[in-house]
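Notebook open, coffee poured. I'm going through the domains, a helix pair and the ligand shell.

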Amino acid sequence: MTRPVDPSTTAARAGLGVGDTGDGADLVAPLNLASVRAYADLASVDEAMDGRDVYRRYGGGNPQRLEEAMIELETVPGRAVPVARVTSSGQAALLLASTLVVSTSRPRVVVVRPCYGGTDSLLSGPLGNLGVRVSTVDLPADGGGDHGELVAAAAGPDVGAVVVDVITNPLIGLTDVPAVAAAAHDAGAALIVDSTFTPPFLFQPFAHGADLVIHSLTKHLAGHSDVIGGVLLVDSTHEASDWLDANARLLGVNLSPFDAWLALRGLRTAGLRIERGSENAAALADFFADRPELRAVYYPGVSGARTAALAERLLPRGRGAMLSIDLAGGRTAADAFIRGLAGVRLAPSLGDVATTVSYPASTSHRALSPQQRVALGITDGLVRISVGIEHIDDLKAEFAAALVAASAG
Ligand SMILES: Cc1ncc(COP(=O)(O)O)c(C=O)c1O
């Protein structure tokens with residue numbers, strides 16, 4: 001048996017030597033913007049129509065190169081190779097996934113919260129108008145509760161899918177994905193895992209019961225805040241995989257070649273970036289732990305023995321590059337903290353090569369009332385940090401200065 005290479009090796013070599021491998025061929029796949037190809041006669045066009053290169057909406061060319069890299073990264077040794085499509089956004093990946101697992105006999109989706117706000121809103125908004133029904137399960141903010149039992153209580157025979165984030169946003173809790181998978185499967189439903197905060201270098205959802213896996217490529221995988229993109233991977237032994245190609249072609253949710261080219265370039269350093277970002281985030285979680293300016297620090301595994309054991313089990317290679325802090329002085333302190341940062345920018349996204357912060361009360365959770373936010377643990381002092389690859393001493397110095405600014409108000 002050949003030894004599987006580490007995912008960071010796979011990523012570093014993504015797209016190399018694909019296509020023309022002769023002497024003098026391009027080392028990296030060139031960018032091809034053609035939206036359609038031309039043929040000599042009807043026999044050739046007939047043959048081409050079954051493939052993906054004839055028309056750009058079918059996802060051939062640069063998007064397919066990126067798709068192949070993501071398939072390799074999400075393949076679990078010893079298991080079937082998944083099928084995939086890269087999409088025009090993470091949201092488009094969820095839309096495509098929904099068309100594969102929701103049906104008239106199973107119109108309900110169980111959304112495990114906290115999750116990315118757009119998940120709830122897409123399923124109950126535009127897809128709700130098309131007949132999708134949503135039930136929500138709220139995981140306790142303190143990391144407690146049996147996640148499997150909570151999902152089982154909501155998953156009946158009309159449920160087509162359960163949707164869950166591996167790391168919850170913005171309180172950076174860790175979900176017991178295998179327990180949720182078991183509950184979904186007991187109800188005959190598919191499990192869709194949004195693994196955006198846990199790229200395959202840290203966690204492979206198919207090894208833990210996922211049937212469908214989503215990433216927003218926009219974040220860590222592309223990593224340079226210049227691409228919007230997504231990917232949907234489907235376990236090829238699941239019936240949903242049969243319709244992936246047809247539904248992707250019909251929905252027209254494909255990624256553009258230029259975005260695919262940029263995302264593949266970003267992906268090649270993603271292993272290294274995630275490793276460093278995770279190390280930096282863990283070091284910052286320690287650094288923030290005893291600071292009197294803070295009410296809480298949120299990072300996988302820090303809130304008690306049970307969550308520590310879960311993090312040990314699910315994320316042995318690193319706990320991700322996301323953490324959140326709750327400033328005791330509320331909005332005034334959060335504003336002073338953000339203004340006190342010398343180089344870290346405030347930006348309502350995540351996953352850049354450099355560290356950024358966001359303020360959930362004004363961005364992702366803006367639509368909720370203050371009372372609803374507090375009930376979810378999203379206080380006016382909460383600042384989410386997406387940790388980049390800077391030197392840790394520089395990050396500590398910058399955050400220490402910002403905490404001083406926060407306490408001065
Ligand atoms: C966890 C998660 N999933 C999905 C999305 C949606 O991705 P996109 O903005 O690429 O559509 C986001 C965006 O912030 C996200 O954070």
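Domain bounds here come from an automatic or database domain assignment. This is a predicted model, where local features need pLDDT of at least 70, side-chain atom pairs count only at pLDDT 80 or more, and totals for chains, interfaces and linings use all residues. Residues are numbered from 1 along each chain as its sequence is written.

**Domains.** I looked up the split and got domain 1 (7–267) and domain 2 (270–408). Their C-alpha centres sit 27 Å apart. Domain 1 puts 33 residues into the contact and domain 2 puts in 39 (contact: C-beta atoms, placed from the backbone, within 7 Å). On the domain 1 side, α1 (7–12) and α10 (257–267) each give at least two residues, and α1 has the largest share with four. Helices are DSSP runs (H or I, at least four residues), numbered from the N terminus. I sorted that side of domain 1 by class: 18 nonpolar, 12 polar and three charged. Nonpolar means Ala, Val, Leu, Ile, Met, Phe, Trp, Tyr, Cys and Pro; charged means Asp, Glu, Lys and Arg; the others, Gly among them, are polar.

**Helix pair.** Next I checked α4 (residues 90–101) against α9 (residues 244–251): their axes come within 10 Å and cross at roughly 130 degrees. From α4, the contact uses L95, L96, T99 and L100, and from α9 L244, N247, A248 and L251. I get six nonpolar, two polar and no charged residues there.

**Ligand.** Which residues are closest to the ligand? S89, G90, Y116, S216 and T218 are, out of 14 that surround the ligand (C-beta atom, placed from the backbone, within 6 Å). The shell holds three nonpolar, nine polar and two charged residues.

Key
Contact = placed C-beta atoms within 7 Å. Axes fitted to C-alpha atoms, helices over the stretch in contact; angles between N-to-C directions.
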